[in-house]
Amino acid sequence: MKKIITAITAAAALAALISGAAAAAGRFVPSDPVLPLSKIKPGMTGYARTVLSGTEITPFKVTILGIVPKKASPKNLILIRVEDKYVRENGGIASGMSGSPVYVDGKLIGAIGYGWSFADNNLGLVTPIEEMSKAMNWPEKLPWFDIPEVAAEQPASADKKAAETSGDKTVSEDKKPLSGDAEALSADGVEVVSGEKLEKKMMPLTVDGISDRCAKRLEDKLGLRVVQLGSSAEGASPVNLKWEPTPGAAMGAALAWGDFVAGCIGTLTAVSKDGRFVAFAHPMFNRGSVSYAMMDASILKIIPSMESSFKLGNLGKITGRVTPVS
């Protein structure tokens, strides 16, 4: 288990050396025309772009229902409803669609970012492109990649044992939000809008190459939901130099790759002329300044679920570096 935690840290260090597009200075301007939030009205219709199967980008129709104001960042979210019959009958807005760009009158308004568990999966919240673009104005702070020593586990204190015996819950250090946006989170690290917990429409951390028992220990250690899925990169070169970032394309952020694979799949939102891009439409793991390997990805199918539908997909090959704003 300690070796796996160290491998994740080492993978992040290596990811900092890989660059698919130079991070040029200056304001981020999407190559697609933009419709500002001030022009968006309830009743407008448009479409979203995402991958439903394989790597093909598919558009589907949506309707704007309104704008939801927030005190924390992002300051506003756009409520949409899926109108496309195929998408509605096959799970609606699914985890893995986060970052899927949404257009009205052919102009980009933002990207799917959030939804709710045990709710209508055909309803979702879009992060405005203005909010996403602000991330590019922040100074890039790549983490210092010293691999820390893994401290030996300390025996539980008498107070902790007493709390466990009485049924009281304690919050471990591993599960506390680590970034500056913690004020937007509830105690369990989930954003809240209008009294309801929001679910990020991003796949949970997927892993391959370890046992179920080890995956559970990793989940407990990182404080993240971990599921075992496959990965498609085997043999030959682990790098895809021909991949081109395209709005609506499936992409992954990998913490580790090789014999052990760990990462998440989301969707690319917009690309600027200088090669920079924005994706996912929400923070990833609330871990502060990080650097991951960017990977291409393919989708097998959307799996409908009463709790929350999700894309079943595979991470592919390394295409560049991604520095999530967390």
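This report describes a predicted model of a single chain, moving from the chain as a whole to strand E13 and then to one residue, Ala 297.

## The chain as a whole

The predicted model contains five helices and 16 strands, and 47% of the 326 residues in the chain count as buried. The accessible surface of the chain comes to about 16400 Å², and carbon and sulfur atoms account for 55% of that area.

Contacts across the sequence can be described in a similar way. When contacts between residues at least 6 apart in sequence are considered, 68% of them join residues that are at least 24 apart.

## Strand E13 and its partners

Strand E13, which covers residues 261-271, is mostly covered, with 11 of its 11 residues buried. Three strands that pair with E13 are described here: E10, E12 and E14.

Strand E10 (residues 205-208) pairs with E13 in the antiparallel sense over three bridges, and within this pairing Thr 206 has Gly 263 of E13 as its bridge partner. Strand E12 (residues 250-256) also runs antiparallel to E13, the two being joined by six bridges, and here Ala 253 stands opposite Cys 264 in E13. Strand E14 (residues 277-279) is antiparallel to E13 as well, with three bridges between them, and Leu 268 stands opposite Ala 279 in E14.

## Two hairpins with glycine in the connection

The hairpin formed by E12 and E13 has four residues between the strands, and in this hairpin Gly 258 takes a positive phi near 115°. The hairpin formed by E13 and E14 has five residues between the strands, and there Gly 275 takes a positive phi near 100°.

## Ala 297 and its surroundings

Ala 297 lies in strand E15, which spans residues 292-303. Is this residue buried or exposed? Ala 297 counts as buried because its relative accessibility is 7%, which falls under the 20% cut-off for that class.

Once neighbours within four places in sequence are set aside, the residues in contact with Ala 297 are Gly 54, Thr 55, Ala 250, Met 251, Gly 252, Ile 265, Asn 314 and Gly 316. Among them, Ala 250, Met 251 and Gly 252 fall within the range of strand E12, residues 250-256, while Ile 265 falls within that of E13, residues 261-271. A separate distance concerns Ile 318, which is 21 residues away from Ala 297 along the chain, with 9.6 Å between the C-alpha atoms of the two residues.

How values were computed:
Residues are numbered from 1 along each chain as its sequence is written. This is a predicted model: local features need pLDDT of at least 70, side-chain atom pairs count only at pLDDT 80 or more; totals for chains, interfaces and linings use all residues. Side-chain values use heavy atoms; hydrogens and water are left out. Buried means under 20% relative accessible area, exposed over 50%, partly exposed in between (1.4 Å probe, protein chains only). Contact means heavy atoms within 4.5 Å. Accessible areas come from the Shrake-Rupley method with a 1.4 Å probe; for residues, only the protein chains shown count as cover. Two strands pair if DSSP finds at least two bridges between them.
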